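Got the model loaded in your viewer? Here's a short tour of what to select and what you'll find there.

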Amino acid sequence: MIRRPPRSTLFPYPTLFRSYHVLDYKFDSVVILMFNKKGQICFVNSPRYVTQSLELELPSGGILKDETILEAAQREILEETGYILKDMEYIYSFHPSNAITNQQAHIVMGNCDEATPRKDFDHNEVFEVLWFNDEKIFNMIKKKKIMDSHALIALLYYYTILKNE
């Protein structure tokens, strides 16, 4: 989509940029920090066609029309991991790439309901479900094994703000 800048106090010179390109997202997205009883965080290994790679990511996805952030988190966890998410809490919202898109992402934190039998997950969207402890996550970030902005921002918020409270 191509847009023209509005005239406003924020953009007093709309002719400076005659037009700009926007990736227009109709729906927000949710990224989930799910913990197991060992305190490990759940990751998914997903094929990404744009980068032609398998990417280690936190479970995430779009929020459907008439769906709350927490409902979307529950649905995405079930679809991508086969687990049930419990003790959910909304913790933060951010714009992952505000120079080119209006997308807003919301971080939800919760625990894996390990008492409920695991259901099958969508193997077309996710190749495998993995659990990592803090040390392994830090090493993967240092070695650039986690490249997804949603995952990196959620982990940054968790480790710098929430874990230190």
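Start with β6 (60-62): with three residues, this strand gives the most to the lining of the second largest pocket. Strands here are DSSP runs of E of at least two residues, helices are runs of H or I of at least four, and both are numbered from the N terminus. Now add β3 (29-35) and α3, which, like β6, each supply at least two lining residues.

A quick word on the source: this is a predicted model, where local features need pLDDT of at least 70, side-chain atom pairs count only at pLDDT 80 or more, and totals for chains, interfaces and linings use all residues. Residues are numbered from 1 along each chain as its sequence is written, and side-chain values use heavy atoms, with hydrogens and water left out.

Back to that second largest pocket: its volume is about 270 Å³. Of its 16 lining residues, select Tyr 25, Ser 29, Pro 96, Gln 103 and His 150, the closest to its centre. A pocket is an open set of points on a 1 Å grid over the protein atoms alone, where a 1.4 Å probe fits and protein lies on both sides within 12 Å along at least five of seven lines; lining residues have an atom within 4 Å of a point. Colour the lining by class and you get six nonpolar, nine polar and one charged.

Next, the largest pocket, at about 360 Å³. His 150 is in this lining too, along with others including Arg 48, Tyr 49, Glu 57 and Asp 148. Which elements each supply at least two residues of this lining? Select β5 (53-57) and α3 (149-162). By class, there are three nonpolar, four polar and four charged residues.

Now hop to α2 (residues 134-142). At its start, a side-chain oxygen of Asn 133 reaches to within 3.3 Å of the backbone nitrogen of Glu 135. Just after α2, look at Lys 144, with a positive phi of about 60°.

Stay on α2 and pick Ile 137, which touches Ile 41, Phe 43, Phe 132, Ile 146, Leu 155 and Tyr 159, leaving out residues up to four places away in sequence (touching means heavy atoms within 4.5 Å).

Ile 137 also leads into the largest nonpolar core, which has 23 residues; Leu 33 and Leu 58 are, like Ile 137, among those with the most contacts inside it. A core joins buried nonpolar residues through side-chain atoms within 4.5 Å, buried being under 20% relative accessible area with a 1.4 Å probe, protein chains only. The largest share of this core, seven residues, comes from α3.

Last stop: a second, separate core of 17 residues, including Ala 72, Leu 85, Phe 121 and Trp 131.

Definitions and conventions. Points joined across faces, edges and corners; volume = space filled by probe spheres on them. Nonpolar A, V, L, I, M, F, W, Y, C, P; charged D, E, K, R; others polar. Polar contact = N/O pair within 3.5 Å; in protein donor to acceptor, adjacent residues only side chain to side chain. Buried < 20%, exposed > 50% of the residue type's maximum accessible area, 1.4 Å probe, protein only.
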